[in-house]
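Please work through the following exercises with the sequence and the model open beside you. Each task is followed by a solution that goes step by step.

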Amino acid sequence: MSNLDNTIQQAISTIPECLAGGYVDLSSGMLLGIKTVDSHPQEVLEMLAAATADLFQGPNVVTIENMFKKSRGLPLDDFHYFQEIIVNSENLIHIFMRTKENQNHVVTFVCRKSANLGMVLTKARAALPKVEAAL
């Protein structure tokens, strides 16, 4: 197991009711690391990486970010407004966070919906620098 996978596993153990964690490179669309309590087919994991890239850098998201920049008189550069995205599904909380050092990397965690969202965010944010440093 890689250092990244070990660090993701450590983060999962500190985040309330966390079932999975992953590290996605948005520029390549690749899942660089993942740990889950269940096994999943490889094509599902690959779709996760592609969906994460769309979520942060899909054409509509980029258009919205560029509109924000234009309205604020900022240059149309590589700066991204969306740093964290929280998705609540039927039974799960999905947390997606851009890393601080590389804006093209996203760390994601999936927790049961019964978890306290505030604690999930606090623990996920605390784990982010360690997971990022493990790459």
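**Exercise 1: charges and surface**

Task: find how far apart the mean positions of the positive and negative charges of the protein are.

Solution. The protein has 11 positive and 14 negative charges, and their mean positions are 9 Å apart. In this count Lys and Arg are positive and Asp and Glu negative, while His and the chain ends are not counted; each charge is placed at NZ of Lys, CZ of Arg, CG of Asp or CD of Glu. The model is a predicted one, in which local features need pLDDT of at least 70 and side-chain atom pairs count only at pLDDT 80 or more, whereas totals for chains, interfaces and linings use all residues. Residues are numbered from 1 along each chain as its sequence is written, and side-chain values use heavy atoms, with hydrogens and water left out.

**Exercise 2: order of elements and overall dimensions**

Task: state in which order the elements follow one another, and compare the radius of gyration with the globule rule.

Solution. The protein holds four helices and five strands, where helices (H or I, at least four residues) and strands (E, at least two) are DSSP runs numbered from the N terminus. Read from the N terminus, their order is α-β-β-α-α-β-β-β-α. The radius of gyration, taken over C-alpha atoms, is set against a rule of 2.2 Å times the number of residues to the power 0.38; for 135 residues a compact globule would come near 14 Å, and the 15 Å of the protein agrees with this. Along the principal axes, the C-alpha trace spans about 45 × 30 × 25 Å.

**Exercise 3: the nonpolar cores**

Task: which residues have the most contacts inside the largest nonpolar core, and which helix gives the most to it?

Solution. A nonpolar core is a set of buried Ala, Val, Leu, Ile, Met, Phe, Trp, Tyr and Cys residues joined through side-chain atoms within 4.5 Å, buried meaning under 20% relative accessible area, exposed over 50% and partly exposed in between (1.4 Å probe, protein chains only). The largest such core has 21 residues, with Ile-15, Phe-109 and Val-131 having the most contacts inside it. At least two of its residues come from each of helix H1 (3-14), strands E1 (18-25), E4 (92-98) and E5 (105-112), and helix H4 (117-133); H4 gives the most, namely six. A second, separate core of eight residues includes Ala-49, Ala-53, Ile-85 and Phe-96.

**Exercise 4: one residue of helix H3**

Task: decide whether Ser-71 is buried or exposed.

Solution. Ser-71 lies in helix H3 (residues 59-71), and its relative accessible area of 58% makes Ser-71 exposed.
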